[in-house]
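Q: Please take a close look at one part of this model, the largest nonpolar core. Which residues touch the most other members of this core, and which elements supply it?

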Amino acid sequence: MRTTKFVLILLMSCLSAPLLADTTAEQIRQATLEFLDGFATEQAAEGYTVSFEPGSIDDRLALAECEKPLSVEFSGDPWKSTSPSMQVACAGSRPWRMFVTASVSIHGPALVAARPLTRGERVTEGLLTKQSVEINASRRGVITDAQQAIGMEVRRSVNAGSLVTPDMLSAPNAVERGDHVIITAKTGGFSVRSRGKALASAGIGEQVLVENLRSSRTIKASVVAPGHVEIPM
C-alpha cells in the first residue's frame with residue numbers, strides 16, 4: 001500500500017513538473033549560422049567578402065535546455081585558417097559548451113609583387129600592387145597596408161604577382177659594421193653623448209658591439225635609430 005502511494009505521488013509530481021526540452025543540433029546549427037552571418041556583415045563593411053558553410057553536427061545530439069540565447073565565438077583565428085573552430089556555449093542554469101567547425105573564406109585586397117623582387121632589395125611603393133586574394137588561405141599571413149612594407153628589405157626572391165607575406169620582409173639594418181655612431185649614455189633625465197664605431201650590423205631594437213672612439217673601450221649598446229645607440233649609465 002505504501003509502495004502504491006509512493007508511485008502515485010511520484011507520477012503526479014512528474015506530470016505537474018514542466019518538461020525540459022533538449023537543445024537540438026538544429027538550434028546549434030542556427031546559432032552558428034547567425035554568428036557567421038554577422039561576422040560576414042561586419043567584414044563587408046571593411047571591404048572584405050566572406051563566404052561560409054557551418055560544419056556538420058550530429059542530428060542525434062541533444063544537450064540540456066538553455067533558457068538563454070546560445071553564445072557563439074571563434075576559438076580559432078578565422079584570418080589564419082579556412083576551417084576555424086567555434087565555441088557554442090550555454091550560460092543558463094545547466095551550463096554547457098561544445099566546439100564546432102566551419103568552412104570560412106575571406107577575400108579582400110592584399111599586397112602582391114608588381115615585378116620580381118630580389119633578395120636585399122629595399123621595398124618602395126612602385127614595387128607593390130593590390131590584388132583580391134583569399135586572405136585566410138595563407139597561413140603565413142598577408143600585408144594589406146603598403147606602409148607596413150615600404151622601406152623594408154626583401155629577405156628572399158619573390159616572383160611577380162606573388163603574395164607578399166610578412167616573413168618575406170625584414171627591417172633593414174639601422175647600423176652597419178664600420179659605421180660611425182652616436183653613443184648616448186642615459187640615466188633618468190641626464191644623458192652624455194660620445195662618438196663610436198659599430199663593430200657589427202644591427203637593426204632597431206637589437207644590441208650591437210660598439211667601440212668608443214674616445215676611450216677605445218668596446219661596449220654593448222642598443223640600436224634606437226639609424227646611426228644612434230644607447231647604453232645605461
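A: A nonpolar core is a set of buried Ala, Val, Leu, Ile, Met, Phe, Trp, Tyr and Cys residues joined through side-chain atoms within 4.5 Å. Buried means under 20% relative accessible area, exposed over 50%, and partly exposed in between (1.4 Å probe, protein chains only). The model is predicted, so local features need pLDDT of at least 70 and side-chain atom pairs count only at pLDDT 80 or more, while totals for chains, interfaces and linings use all residues. Residues are numbered from 1 along each chain as its sequence is written, and side-chain values use heavy atoms, without hydrogens or water.

The largest nonpolar core has 25 residues, and the members that touch the most others are Val-88 and Trp-96. Two or more residues come from each of α2 (25-44), β5 (85-90) and β6 (96-113) (helices, H or I, of at least four residues and strands, E, of at least two are DSSP runs numbered from the N terminus). The element that gives the most to the core is β6, with 7 residues. Val-88 falls within the span of β5, and Trp-96 is at the start of the β6 range.

The surroundings of Trp-96 can be listed. Leaving out residues up to four places away in sequence, Trp-96 touches Thr-23, Ile-28, Leu-63, Ala-64, Leu-70, Val-88, Ala-89 and Cys-90 (contact: heavy atoms within 4.5 Å). Val-88 is thus both a contact of Trp-96 and its partner at the top of the list of core members by contacts. Among the other contacts, Ile-28 lies in the α2 range, while Ala-89 and Cys-90 lie in that of β5.

The aromatic rings that involve α2 and its neighbours come next. The structure holds 3 aromatic pairs (ring centres of Phe, Tyr or Trp, the latter by its six-membered ring, within 6.5 Å; planes under 30 degrees apart are stacked, over 60 edge-to-face, the rest tilted). One of them joins Phe-35 and Phe-74 edge-to-face, at 4.9 Å centre to centre with 65° between the planes. This pair links distant parts of the chain, 39 residues apart: Phe-35 is in helix α2 and Phe-74 in strand β4 (residues 71-74). Phe-35 counts as partly exposed because its relative accessibility is 23%.

Another edge-to-face pair is made by Tyr-48 and Trp-79, with 5.1 Å between centres and 80° between the planes. Tyr-48 sits in the loop between α2 and β2 (49-54) and Trp-79 in the loop between β4 and β5, so the pair ties together parts that are 31 residues apart in sequence. With a relative accessible area of 17%, Tyr-48 is buried; Trp-79, at 29%, counts as partly exposed. Phe-39 joins Phe-35 and Phe-74 in one aromatic cluster.

Further along the chain, a closed barrel of 5 strands runs β10-β11-β12-β13-β14 with mixed pairing (strands pair if DSSP finds at least two bridges between them). Strand β10 (residues 180-187) pairs with strand β14 (residues 228-232) in the parallel sense over 5 bridges, and Lys-186 has Pro-232 of β14 as its bridge partner. With strand β11 (residues 190-198), β10 pairs in the antiparallel sense over 8 bridges; here the partner of Thr-184 is Arg-193 in β11. The hairpin of β10 and β11 has 2 residues between the strands, and in it Gly-188 takes a positive phi near 60°. Antiparallel pairing also joins β11 to strand β12 (residues 207-212), over 3 bridges, with Lys-197 partnered by Glu-211 of β12.
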